[in-house]
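Thank you all for coming; I would like to walk you through one structure this morning, taking it slowly and explaining each term as it comes up. Please have a look at the sequence and the model first.

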Amino acid sequence: MALAIRPFIRLVNAGFVMAREGVFGLAHVPDLPPMARLGIAMARLLERRSVKTKSAELRFSDAFNRLGPSYVKLGQFLATRADVVGKEAAEELSALQDRLPPFPHEEAVAAIEEQLEAPIDKLFVEFGPAVAAASIAQVHPAVIEERDGTRRKVAVKVLRPGVARRFKKDLESYYLVARLAERFLPASRRLRPIAIVDTLARSVELEMDFRLEAAALSEMGENTVDDPGFRVPAVNWLRTAKGVLVMEWIDGRKLSDVDGLAEDHRDLKALGALVIQSFLRHTLRDGFFHADMHQGNLFAEADGTLVAVDFGITSRLSPQERRFLAEILYGFITRNYRRVAEVHFEAGYVPAHQDVDVFAQAIRAIGEPIHGQDASEISMARLLTQLFEVTELFEMSTQPQLIMLQKTMVVVEGVARTLNPRLDMWSTAEPVVAEWIAQHLGPAGKIRDLGTGLLALNRIATDLPEFADRMGRLSVELDKMGQNGLRFDPKTADAIGKAEAHYNRSGRVALWVIALSMLALALGLWS
């Protein structure tokens, strides 16, 4: 019973912090049911006086940073799920600033020595204080000595002590909310709240293993080795572990420092175009892209090379999804709205019973307004956002990987426009998109697809004997089942019994939590 109450207490504390920071004041009250409006009105009585002058983004940032790393990650994750929190909330969460004070230098040293199993002075010639700190980790400058005696400056990323344990505890609260929502709010089941928490848990688990980030850096480095004007830091694998990542130090200026870039006489227009084209090249050509390309994670070196860092969040697109994206963008560029509609049906995203001509008409309503407009007023990211909104009217199922792509494109386009406010998104993107279309949908692409199809047929032919053997064994088992009936393995029967007992116990716990919630509300009303 105590284990079930702890997540509830943590939720109450989270609600109090959000109320104090004015988060509930951002809710659009007229759209909510009466009880929810009453709850928000009560919560707003706890607001600090100073929150009235705060922007929505700052309210979220202050509240989530006060609540700790797991809530910061929750906010960043929900920013990619407009289908769950709504478009406006997703936009506000996308500006959430991941800012936490650095943890003590001694703790960082202890964590590195434990992870790498060596004293700090044996690992680094110099090890400086933290220069950046966030919810998951902080970064220290250091100097290493190579075997040939040369010294090289590196960046050391250290996992924040206790963050994994804290996140695990907060996950219990998230799962409690998800389970209660699925059980008592039928309308929420379409969004699959428990599956959403599962996805969040998995993504943060991967982000907290720096070996995977190192692997992402390595893969991106291989993919972009011949790309003009783009690179990523080299990883020092000998000094990298689950909680420590050592990589090349980047001497460059962050793209957030636009004035500094101008003082350095950088070509801001060329740099803005490079940001867009690099992102599209990674997305279409490689199907693997940096999903957190904000200004703080991008540096411009002295020769104009763009360097991306912090690969804790990445995403992938399958060949089919890349073709979907490329044909959509090219269809809008060439005003071929019928083809844009057909691509949605071919990908299976829009149900076959919908009318392709009506869908093309809806897409035309999105595309036509952008033609004839000033280039600086045309947003590719906004176009994709509107496209996904329209597709909901035609029962298009939610595609999380496309939502992540759209969210990243919003960020990337924003970075590019801070460098060049009059950036022509379409002329900038067209060379990359057109090249991919020519290579994959032209004659060369069709020959490649034919070769892939022949290889697939060859694999099927090779597996036919084994498949036939399996079908024979299955036929025998079905005959036995028909004669003797369906019988459970003893382990299966035992598992079913335990699952049923767990379900009944969970139901009782949920009722206790609800009862305590009602009691707390009643006490609040009487006090």
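**A walk through the chain**

Let me start at one particular residue, Arg335, which sits in the loop between helix H14 (319-334) and helix H15 (337-346), where helices, meaning H or I runs of at least four residues, and strands, meaning E runs of at least two, are taken from DSSP and numbered from the N terminus. Before going on, I should say that this is a predicted model, in which local features need pLDDT of at least 70 and side-chain atom pairs count only at pLDDT 80 or more, while totals for chains, interfaces and linings use all residues. Residues are numbered from 1 along each chain as its sequence is written, and side-chain values use heavy atoms, with hydrogens and water left out.

Arg335 has a positive phi of about 65°, although it is not a glycine. For those new to this, most residues other than glycine have a negative phi. Is Arg335 buried or exposed? Arg335 is partly exposed, with a relative accessible area of 44%; here buried means under 20% relative accessible area, exposed means over 50%, and partly exposed lies in between, using a 1.4 Å probe and protein chains only.

The helix before it, H14, has 16 residues that should span 22 Å at 1.5 Å a residue, and its end C-alpha atoms are 22 Å apart, which agrees; the expected span is 1.5 Å times one less than the number of residues. The buried residues of H14 include Phe324, Leu325, Ile328, Leu329 and Phe332, and also the charged-looking names Glu321, Arg322 and Glu327.A second helix, H10 (residues 193-207), has 15 residues and reaches 21 Å from its first C-alpha to its last, close to the 21 Å expected at 1.5 Å a residue. Which residues of H10 are buried? They are Pro193, Ile196, Val197, Leu200, Ala201, Val204 and Glu207. Seen down the axis of H10, these buried residues fall within an arc of 135°, so they line one face of the helix, the arc being that of the directions from the helix axis to the C-beta atoms. An α-helix has 3.6 residues a turn, so residues three or four places apart point the same way.

**Two more loop residues**

Glu117, in the loop between helix H7 (105-116) and helix H8 (120-123), also is not a glycine and has a positive phi, of about 55°. Glu117 is exposed, with a relative accessible area of 72%. Glu47, by contrast, which is found in the loop between helix H2 (34-43) and helix H3 (56-67), is buried, with a relative accessible area of 15%. Leaving aside neighbours within four places in sequence, Glu47 is in contact (heavy atoms within 4.5 Å) with Ala19, Arg20, Gly22 and Gly25.

**The strands**

Turning to the strands, two of them pair if DSSP finds at least two bridges between them. Strand S3 (residues 137-145) is joined to S4 by 9 bridges, and the two run antiparallel, with His140 having Val156 in S4 as its bridge partner. In the hairpin of S3 and S4, which has 5 residues between the strands, Gly149 takes a positive phi near 95°. Strand S4 (residues 151-159) is in turn joined to S6 by 5 bridges, again antiparallel, and there Val156 stands opposite Val246 in S6. Of the 5 residues of S6, 4 are buried, so this strand is largely enclosed by the rest of the structure.

Elsewhere, 4 strands form an open sheet in the order S5-S10-S9-S7, with mixed pairing. Strand S5 (230-231) and strand S7 (253-254) stand at the edges, each with a single partner strand, so one side of each is left without a neighbour in the sheet. S5 and strand S10 (residues 306-308) pair in the parallel sense over 2 bridges, and Arg231 stands opposite Val307 in S10.

**The whole chain, and how far to trust it**

Stepping back, the chain has 21 helices and 11 strands, and buried residues make up 43% of its 527 residues. Of the contacts in the chain with a separation of 6 or more, 67% are between residues 24 or more positions apart.

Finally, a word on pLDDT, which is the predictor's confidence in each residue, from 0 to 100. The mean pLDDT of the chain is 79, and 75% of its residues reach 70 or more. Among the elements of the chain, strand S6 (residues 244-248) has the highest mean pLDDT, at 97, and helix H21 (residues 490-526) the lowest, at 50. Over residues 509-527 pLDDT stays under 50, and for these the model has 12 contacts beyond four places in sequence. Where pLDDT is low, the predicted coordinates should not be read in detail.
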